[in-house]
Amino acid sequence: MGFDLHGQNIKGEKGKYFRANCWGWRPIWDFVSVAADDILTEEDVRGGDYNDMYEIPEKKADAIAERIDLFLKNGQLHEYVQAKNDYIDNLPLEKCDLCEGTGRRKEPPVSGAGDYMECNKCQGKCEVEQWETKYPVDIDDIIRFSIFAGESGGFKIG
């Protein structure tokens with residue numbers, strides 16, 4: 001699954017369409033939600049989390065692009081990406097929920113501790129990476145989004 005964004009009043013070739021898979025979009029939108037917290041409403045932030053054709057109007061799209069560009073120029077974008085990825089890289093493992101941290105599970109599709117088989121989620125190690133580790137931040141994706149937003153004339157997320 002992915003997020004497909006479509007420009008509304010397209011001002012440039014790169015403003016027509018932007019696509020990111022769900023693993024890439026969430027870190028982009030999380031950054032935008034922090035960096036543009038004075039531009040976006042709570043409704044806008046929530047709208048960006050779903051594929052339901054939520055619209056960000058041209059004025060806000062332009063302001064988002066300008067904000068990302070400012071953060072890129074003053075180094076805050078690099079600092080954010082580095083700090084977020086360092087945080088993700090240092091998250092401790094957590095107890096496997098599929099086998100309840102025992103390394104062995106019940107017969108699928110039932111979850112829980114059991115003797116049926118080695119846990120296929122943790123491979124018997126009893127621990128797994130936290131879910132948040134699936135969402136590292138890619139600076140190039142944010143820059144690509146900034147270009148899209150600035151040339152989109154507003155966009156729909158869906």
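How much area does the protein expose, and what share of it do carbon and sulfur atoms supply? The protein exposes about 9,000 Å², and carbon and sulfur atoms supply 49% of that. Accessible areas here come from the Shrake-Rupley method with a 1.4 Å probe, and for residues only the protein chains shown count as cover.

Before we go on, a word on what you're looking at. This is a predicted model, where local features need pLDDT of at least 70, side-chain atom pairs count only at pLDDT 80 or more, and totals for chains, interfaces and linings use all residues. Residues are numbered from 1 along each chain as its sequence is written, and side-chain values use heavy atoms, leaving out hydrogens and water.

Now for the overall layout. The protein has five helices and eight strands; helices (H or I, at least four residues) and strands (E, at least two) are DSSP runs numbered from the N terminus. Walk along the sequence and you meet them in the order β-β-α-α-β-α-α-β-β-β-β-α-β. The radius of gyration is 20 Å, well over the 15 Å that the globule rule gives for 158 residues, so the protein is more spread out than a compact globule. (That radius is taken over C-alpha atoms, and the rule is 2.2 Å times the number of residues to the power 0.38.) Along the principal axes, the C-alpha atoms fill a box of roughly 60 × 30 × 25 Å.

Let's look inside. Of the 158 residues, 41% count as buried, meaning under 20% relative accessible area with a 1.4 Å probe, protein chains only. Strand E1 is a good place to look: five of its six residues are buried, so E1 is largely enclosed by the rest of the structure.

Which strands does E1 pair with? Strand E1 (residues 2-7) runs antiparallel to E2, joined by five bridges, and it also runs antiparallel to strand E8 (residues 154-157), with three bridges. Two strands pair if DSSP finds at least two bridges between them. On the E2 side, Gly-2 stands opposite Asn-21 and Asp-4 has Arg-19 as its bridge partner. On the E8 side, Gly-7 is partnered with Phe-155.

Finally, take a look at E2 itself. In a regular strand the side chains alternate between the two faces of the sheet. Along E2 (residues 17-21), Phe-18 and Ala-20 point to one face and are buried, while Tyr-17, Arg-19 and Asn-21 point to the other and are not.

Note on methods
Buried means under 20% relative accessible area, exposed over 50%, partly exposed in between (1.4 Å probe, protein chains only).
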